[in-house]
Amino acid sequence: MQDLLDKHLDEDISRTLKFETTLTPKQKAAAWERLQARVQEQTQLPPLEEPCQPELVRFRWLERITAFRVGSTKLLHTLVMDSAAFERAGTPKSLFPCHYYDIHGRWTHLSIIAMSA
Amino acid sequence: MTLIEDVSDAHLIERLRANELDALGSLFDRYYTQVYRTAVAITRDNAVAEDIAQDCFLKLHQYAHRIDVSLPLAPWLYRVTVNLSYTWISRRQKRKISLEALVDHLMSPPWTAPDQQAEHNETQNQVRQAISELHFNQRVVVVLHYLCSLSLEEIAEILDCPVGTVKSRLYYARENLRRRLDDADRIQEVAHGYAGLT
């Protein structure tokens, strides 16, 4: 029953809107005449410029690739070449109370401080 | 000879960019009626709807270089029509008009010729009045859905809002219309003295 009422309502709305908004060929012709006159007084706007240049995009990609390469190299170097981190991890701290980490993060003997001081 | 129907909108816009008025004429033939009818249904004013439709095609000419020809043209035209209608309605609401003029506007038959008026039945008058009382957002959705036969997805694209919002507006618009039409029926029954006889 509700579906039937909904259908009737839809039909009423559709019919009313379509009936009430008719346009005669005469009205349309008059509108075209008017539009032609107004269009001739108006100039077209130029196309919008591209917001992003292709060169700039390529440059950004190059920059990202370079940053990734440098970062990977540093990480590899730290893991493979620099043994300080492994030494620190492998050495029991209680056996070497006079050792400490210097400003470069390296495991250093206390005497070095005395020498440098 | 090439028929107008055979030429794509994109091709006509390309020609319009070269300032060919024939191309504008073809687009006018193709879309003017839809644009005008949408504007009439939203604004309820013939003269204003004509102005809005004119402005819509003027913008088409003016912005020809900036229109994306890979997309269909109809949603762009509907969007401009809805925006121009909204601007007109909000300006009218801000304008101070006398109560008498307002009553005249509401009571007068808004968009019909005198010979058509005789053919109106009571239901159409009620529906027309109920639609005109809807909130702008609901009215636009109703017009685009029932007059232009657009899907919810297409309306969402035109109004630049989620499909759920369109669905909700359409639902509440129909509920409002149903309630108003029921009220109008009840008033009529009372006026004719057969309320409660069933």
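Here are four short exercises, with worked solutions, on chain B of this predicted model.

**Exercise 1.** Work out which residues of helix α1 (residues 9-17) of chain B are buried, and why they end up on the same side of the helix.

*Solution.* Start by picking out the buried positions: they are B:Asp9, B:Leu12, B:Ile13 and B:Leu16. Next, look at how they spread around the axis. They cover an arc of only 100°, which puts them on the same side of α1(B). Now step just past the helix: α1(B) is followed by B:Asn19, and its phi is positive, near 65°.

**Exercise 2.** Describe how α1(B) packs on α2(B), and say which residues make the contact.

*Solution.* Two numbers are needed here, since a pair of packed helices is described by the angle between the axes and the distance between them. For α1(B) and α2(B), the angle is about 140° and the axes are 7 Å apart. Angles over 145 degrees would count as roughly antiparallel, so this pair is oblique instead. As for handedness, α1(B) passes α2(B) in a left-handed crossing. Now for the residues: α1(B) brings B:Leu12, B:Arg15 and B:Leu16, while α2(B) brings B:Ala23, B:Leu24, B:Ser26 and B:Leu27. Sort them by type and you get 5 nonpolar, 1 polar and 1 charged.

**Exercise 3.** Do the same for α2(B) and α3(B): find the geometry, the handedness and the make-up of the contact.

*Solution.* Geometry comes first. The two axes come within 8 Å and cross at roughly 140°, and α2(B) and α3(B) are therefore oblique to each other. Then the handedness: α2(B) passes α3(B) in a right-handed crossing. On the α2(B) side, the contact residues include B:Leu24, B:Phe28, B:Tyr32, B:Val35 and B:Tyr36. On the α3(B) side, B:Val48, B:Ile52, B:Cys56, B:Phe57 and B:His61 are among them. The residues of this contact split into 15 nonpolar, 3 polar and 1 charged.

**Exercise 4.** Lay out the side of chain B that touches chain A: how many residues take part, and which elements supply them?

*Solution.* Begin with the count: 35 residues of chain B are in contact with 25 residues of chain A. Then go to the elements. Those giving two or more residues to this side of chain B are α2 (21-43), α3 (46-62), α7 (122-132), α8 (136-147) and α10 (163-192). The largest share, 10 residues, comes from α2(B). Finish with the chemistry: the side of chain B that touches chain A has 19 nonpolar, 10 polar and 6 charged residues.

Technical notes:
Residues are numbered from 1 along each chain as its sequence is written. Chains are lettered from A and ligands numbered from 1 in the order in which they are written. This is a predicted model: local features need pLDDT of at least 70, side-chain atom pairs count only at pLDDT 80 or more; totals for chains, interfaces and linings use all residues. Two residues are in contact if their C-beta atoms, placed from the backbone, lie within 7 Å. Helices (H or I, at least four residues) and strands (E, at least two) are DSSP runs, numbered from the N terminus. Ala, Val, Leu, Ile, Met, Phe, Trp, Tyr, Cys and Pro count as nonpolar, Asp, Glu, Lys and Arg as charged, and the others, Gly among them, as polar. A residue is buried if 20 or more other C-beta atoms lie within 10 Å of its own, exposed if 12 or fewer, and partly exposed in between; C-beta atoms are placed from the backbone. The arc is that of the directions from the helix axis to the C-beta atoms. Axes are lines fitted to C-alpha atoms, for helices over the stretch in contact, and angles run from 0 to 180 degrees between N-to-C directions. Angles under 35 degrees count as roughly parallel, over 145 as roughly antiparallel, 65 to 115 as roughly perpendicular and the rest as oblique. A crossing is left-handed if the near helix is turned anticlockwise from the far one by less than a right angle, and right-handed if clockwise.
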